[in-house]
Structures are given as structure tokens and as C-alpha cells.
Amino acid sequence: MAFYYIGVMSGTSLDGLDIALIEQDSRPTLLATHYIPMPDDLRAELLGLCASGPDELARAAIAEQKWVRLAAQGVLALLEQENLSAGEIRAIGSHGQTVRHEPGRGFTIQIGNPSLLAELTEITVVSDFRRRDIAAGGQGAPLVPAFHEALFDKPLGSAQDHRAVLNIGGFSNLSLIDPDRPVSGFDCGPGNVLLDAWIQAQRGENYDRDGAWGASGKVEPTLLKSLLSDPYFLTQGPKSTGREVFNLGWLQHHLFQLPTFPPENIQATLVELTALTITQSLQKAQPITDELLICGGGAHNVALMARLADLLPATKVSSTALYNVDPDWVEAMAFAWLAHCCLEGVPANRPSVTGARGLRVLGAIYPA
């Protein structure tokens, strides 16, 4: 029997809310989407909450209500757009907004008040997907490899193909789909987070459209070597990371110890950092990869996509759009699918990805 689900995703880039409507039958199918840009004041407040500050409990509670009301607005707009009623949606899978992710210390925090979202939309909400995996000794991230496997397990029609799915959001994460072993994956490191932070600091722009500014510069080898020395890049998965590690302050720490470089060269070096950490991680974890499918905002960075193709000459590198899955909506689809798994009692984490002690049903249910 097919069901409708809605997925709500707000990633580390904090550019807006992605809301996806899927039909879940034997496989998930994307039916419709809705996007709401993040208001500047809410984005600034959420960014502030990603670092320590005064009266964080009250600030988080107020920001959470604003986030939920924005999400509810988007969900209701999507229903109106598709001429659907709340009663026709089985559940909303809401990721919430991550403001802390420190699995090494045993916690991850996403704000998103699912009770209020259920009240405002009159739809059952499934949320809090990460903490059960962390309670079981896992990283709580990435959670999308099981969904990537469900969606792209045989896109080329051959069970012998070794493929990977790469999501480049604020951070980059890999899902490794090998026919000879369980799906695995991990966070490679920064995706767009440093690129966005640097262009924001230097030019007041939220992101580098098509990667044009980065493409105008040249890589600074001494800076690249310094950035690559971070211990995170030397460790094997399971592993995950976030703004607690990679942020503008981290970049400035490395820059402080080196000569002054043209800003566009720093941007070019950050593109190279993202490309190298992805490809090196992939080659270590899955030396033979026939196809790399890319989703997330990084799929629109022309310079980054070209560099990944250069570094992986034996691998077919393409956007998930090649298989009629819009790269901008894969993550929102994933959280709709995770809601389905929770309601069906299907474990959705993968110990081979997160390092958890075993399979777990993820999410908490907030009835309509």
C-alpha cells in the first residue's frame, strides 16, 4: 500500500527549508517540493546558537518556535499547491535544525519542537532521528546511506557495479554501495561550510554561485597543506563532524600562521580542500568506484564538480539528476523515508556507517 510522507530538512548551510512530498510504495518517489528561504534574522540567530553564547536555553526555545512556524508554513503551502489535505499525509519526517553535534561527548542537538509542528499542521510528526543511534554508541550521522541504498541500489541495472552517493551540503558525506558488503559511509569533512563562510566574510554573499569566485583564483599549496593536516582527515570512518570543528575561526587559525593570500585564492584552496578530502576518503574506503552520484548544493558548484571528475578519472561522476532525482531534494526525501521506517518499525541506521552496537528504529512519534 502506498502512503504519502513529507520530509522537512534544514541543513548546516542554513539557506532555507527544503520540504519534499514523497509517495512510499516499494520505493520512494518524489512527487512535489517546496522551498522557503531562511529569513536573515532567524539565520543569524541559528548561526549564533551553533557557538556558545549568553542565555542559550531561552534563545534556542525562541528560535525553535520561529523555525517550526516557518516549517509549518511551508508544509501547508505544499499541501495547498498539490491540492492535498492534512489527512492524506501519513507523517512528516522533520530533521529539525542542528545546533550542536558532538557524538564523541555523547550528544547531538536538533531544535524543531515536533509537538508544535504537529499542532500547526494537524499531521503526525516523526523527529529526533539521531539520538537513538548515539545512545547505541553510534555517531548519529550520516543517516542517509540507508536511504541512498534504497534509492540508488541498482541505477545502472547491474548488481556488480560499485557506486557511491555523495551529498555536498554544509558538510560532505559519502554513502558506499558495494554489492559485496553492507552499505557504509561517513562524513568526509567540509562541503560548502567554509566556502560559504569565506565569501560571506569577504564579499557579503551567502554562497559562491556556480563556484565562479573560487574558479577565478588559484590554489595556495602551503595553505592547502596546513588545512589538510587537521587530525579529522587522518581518521577512518565511522566518523561525523560539524560546525564545532570546521568554521571560519578554524580557517582563520590556519591563515594567521601564513603569509597573506588574495581572497579568491583562499576560496580556490577551499574548493581543492573539499575535492581532495572527498576523493581521498573515497579511494581509501572503496578503491574501485564505478559511479559517483552527487546531490546537495555542491552539485551546482561547477568548479568543484569538474575537480572531482579530474581526481576520479576511472569513475563516472554525475549529479543524481542523471537518474531523475533532483539533487536539491534528496535529503528532504530521506527524512520523509525515515518517518516511514519509524512508523513501520524498520531499523534505519546502519552500524557499518555510524558504528552503533546494532540496528535501531530511529525517531520519536508525535501524533496529530
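Where is the place of proline 238? Proline 238 sits in the loop between helix H8 (221–228) and helix H9 (248–256). Keep in mind from the start that this is a predicted model. That loop is a handy place to begin the tour.

**Two cis peptide bonds**

The bond that joins glycine 237 and proline 238 is cis, with omega at about 5°. Another cis peptide bond runs from alanine 141 to proline 142, and here omega is near -10°. Proline 142 belongs to the loop between helix H4 (131–135) and H5.

**Rings and charges**

Look through the whole structure for aromatic pairs and you get seven of them. Take tyrosine 232 and phenylalanine 233: their ring centres are 6.3 Å apart and their planes meet at 80°, so this pair counts as edge-to-face. Phenylalanine 246 and tryptophan 250 also make an edge-to-face pair, with 5.0 Å from centre to centre and 80° between the planes.

How do these residues sit, buried or exposed? Tyrosine 232 and phenylalanine 233 are both buried, and phenylalanine 246 and tryptophan 250 are buried too. Ring pairs tie Tyr232, Phe233, Phe246 and Trp250 together into a cluster.

Tyrosine 232 has a charged visitor as well: the charged end of lysine 239 sits over its ring, 4.3 Å from the centre. Elsewhere, arginine 90 lies over the face of phenylalanine 3, at 4.3 Å from the ring centre.

**Strand E10 and its partners**

Now for the strands. E10 (residues 291–295) is mostly covered, with five of its five residues buried. In a regular strand, side chains alternate between the two faces of the sheet. Which residues of E10 are on each side? On one side are Glu291, Leu293 and Cys295, on the other Leu292 and Ile294, and all of them are buried, leaving both faces covered.

E10 pairs with strand E7 (residues 163–168) through five bridges, and the two run parallel. One place to look is valine 165, whose bridge partner in E10 is leucine 293. E10 also pairs in the parallel sense with strand E11 (residues 316–319), this time over four bridges. Here leucine 292 has valine 317 in E11 as its bridge partner. To get from E10 to E11, the chain passes through helix H11 (residues 302–311), and this β-α-β crossover is right-handed.

**The E8–E9 hairpin**

Strand E9 (residues 184–190) has seven of its seven residues buried, so it is largely enclosed by the rest of the structure. Its pairing with strand E8 (residues 171–177) is antiparallel and uses six bridges. Among the matched residues, leucine 176 has serine 184 in E9 as its bridge partner. The two strands are joined as a hairpin, with six residues linking E8 to E9.

**A pocket**

Rolling a probe the size of a water molecule over the atoms shows where empty space is left. The second largest pocket holds about 340 Å³ of space. How many residues line the second largest pocket? There are 15 in its lining, and Leu47, Ala197, Arg243, Asn247 and Leu248 lie nearest its centre. Helix H1 (40–49) and helix H6 (193–203) each supply at least two residues of that lining. H6 gives the largest share, four residues.

**Three aspartates in loops**

Here are three aspartates side by side, each with its loop and its relative accessible area.

| Residue | Loop | Relative accessible area |
|---|---|---|
| Aspartate 55 | between H1 and helix H2 (56–81) | 55%, exposed |
| Aspartate 161 | between helix H5 (145–152) and E7 | 16%, buried |
| Aspartate 210 | between H6 and helix H7 (212–215) | 45%, partly exposed |

Why is aspartate 161 buried? Its relative accessible area is 16%, and buried means under 20%. Aspartate 55, at 55%, is exposed, because exposed means over 50%. Aspartate 210 comes out as partly exposed, at 45%.

Backbone angles add something here. Aspartate 55 has a positive phi of about 50°, although it is not a glycine. Aspartate 210 likewise has a positive phi, near 60°, in a residue other than glycine. As for aspartate 161, its C-alpha is 33 Å from that of threonine 269 in space, with the two residues 108 apart in sequence.

Notes
Residues numbered from 1 in each chain as written. Predicted model: local features only at pLDDT ≥ 70, side-chain atom pairs only at ≥ 80, totals over all residues. Heavy atoms only, no water. Phe/Tyr/Trp six-rings, centres within 6.5 Å; stacked < 30°, edge-to-face > 60°. Buried < 20%, exposed > 50% of the residue type's maximum accessible area, 1.4 Å probe, protein only. Lys NZ or Arg CZ within 6 Å of the ring centre and 35° of its normal. Pairing = 2+ DSSP bridges. Right-handed = clockwise from strand over helix to strand, strands pointing away. 1 Å grid on protein atoms, 1.4 Å probe; cavity = no way out; pocket = protein on both sides within 12 Å on 5 of 7 lines; lining within 4 Å. Points joined across faces, edges and corners; volume = space filled by probe spheres on them.
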